[in-house]
Amino acid sequence: MMIGAKVIALCLFLFQGGEGAPAFDLISMWRGMGWPARLVVVVLLIMSAWSIGVMIDRWIAYQGARKQSRVFAPAVAGALKDGNIREAIEIAEQNKRSHLAKVVTAGLQEFQAHQVSAEIPGEEIEASKRALERAAAIVHAELKRGVSSLATIGSTAPFVGLFGTVLGIIHAFQGISAEKTTGLAAVAGGISEALVTTAFGLFVAIPAVWVYNYFTSKIESFDVEMDNS
């Protein structure tokens, strides 16, 4: 009962003298913000645009790799079964977006180069194995390009929004001090800053974390496929 009475008292305290208070739509809240809070929103917008760009780029890359690998795998398996290494390399070069093709091509080219040389028996296999490992490491790095930035954005965006919340609270107290009143009109600008920056920080962070986890699982599956190749 005492907690409920305190909540009611707090509401009456905030809303007294609330006539003429600005509406809480996006345009009104933006106009009511101070420049420090606007800068926070701009930073969050940049972070959001970057994360969306990474999401689109990686999605296109992963879809292309998956699609071409489905074509490449059975075709190159047939060529290798017949012992036709040159044909297998040509098939790989036709599917350059495939992560499997990039790895297998490196191993086959190394193997082919050692076949025509005077290497001791077994050396060509070891050389091909090293080439496969190097190619797999390079392709793994290519697949991860930009994905770590999603984790960074997902972990820092809420704190950027929290910084905007602190600025909003400061703005609200400044409004109370300037207006010499505790009504809603005096604190509306600060409340809008706190609400917008907090919500926007979470809006940027949550999708970034979700997509980062999804892309990480995709990369792990690609690594397994390259190891098996």
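This passage describes the salt bridges, one buried helix face and one charged surface patch of a predicted model.

A search of the whole structure identifies 3 salt bridges. In one of them, the side chain of Glu 225 meets that of Arg 66, with a nitrogen-to-oxygen distance of 2.5 Å. Because Glu 225 belongs to helix H8, which spans residues 184–228, while Arg 66 belongs to helix H3, which spans residues 35–81, this pair ties together parts of the chain that are 159 residues apart in sequence. The two partners fall into separate classes of accessibility, since Glu 225 counts as partly exposed at 24% relative accessibility, whereas Arg 66, at 19%, counts as buried. The assignment of Arg 66 rests on the cut-off for burial, which is set at under 20% relative accessible area.

A further salt bridge joins the side chains of Glu 142 and Lys 102, with a distance of 3.2 Å from N to O. This pair, too, links distant parts of the chain, as Glu 142 is found in helix H6 (residues 123–144) and Lys 102 in helix H5 (residues 99–115), 40 residues apart. Glu 142 is partly exposed, with a relative accessible area of 32%, and Lys 102 is likewise partly exposed, with a value of 35%.

The remaining salt bridge is formed by the side chains of Arg 58 and Asp 57, for which the N to O distance is 2.9 Å. Here Arg 58 counts as buried, at 3% relative accessibility, while Asp 57 is partly exposed, with a relative accessible area of 37%.

Attention then turns to helix H4, which comprises residues 85–93 and in which Ile 85, Ala 88, Ile 89, Ile 91 and Ala 92 are buried. Around the axis these residues cover an arc of only 160°, which means that they lie on the same side of H4. In an α-helix there are 3.6 residues a turn, so residues three or four places apart point the same way.

A negative surface patch is also present, and it is formed by Asp 82, Glu 87, Glu 90 and Glu 93. Of these residues, Glu 90 lies in helix H4, the helix in which Ile 89 and Ile 91 are among the buried residues. Glu 90 itself counts as partly exposed, at 44% relative accessibility, and this value is compatible with membership of the patch because patches are made of residues with over 30% relative accessible area and no salt bridge.

Definitions and conventions:
Residues are numbered from 1 along each chain as its sequence is written. This is a predicted model: local features need pLDDT of at least 70, side-chain atom pairs count only at pLDDT 80 or more; totals for chains, interfaces and linings use all residues. Side-chain values use heavy atoms; hydrogens and water are left out. Buried means under 20% relative accessible area, exposed over 50%, partly exposed in between (1.4 Å probe, protein chains only). Helices (H or I, at least four residues) and strands (E, at least two) are DSSP runs, numbered from the N terminus. The arc is that of the directions from the helix axis to the C-beta atoms. A salt bridge is a side-chain nitrogen of Lys or Arg within 4 Å of a carboxyl oxygen of Asp or Glu. Patches are made of residues with over 30% relative accessible area and no salt bridge: like charges are joined within 9 Å, nonpolar side chains (Val, Leu, Ile, Met, Phe, Trp, Tyr) within 5 Å. Accessible areas come from the Shrake-Rupley method with a 1.4 Å probe; for residues, only the protein chains shown count as cover. Lys and Arg count as positive and Asp and Glu as negative; His and the chain ends are not counted. The place of a charge is taken as NZ of Lys, CZ of Arg, CG of Asp or CD of Glu.
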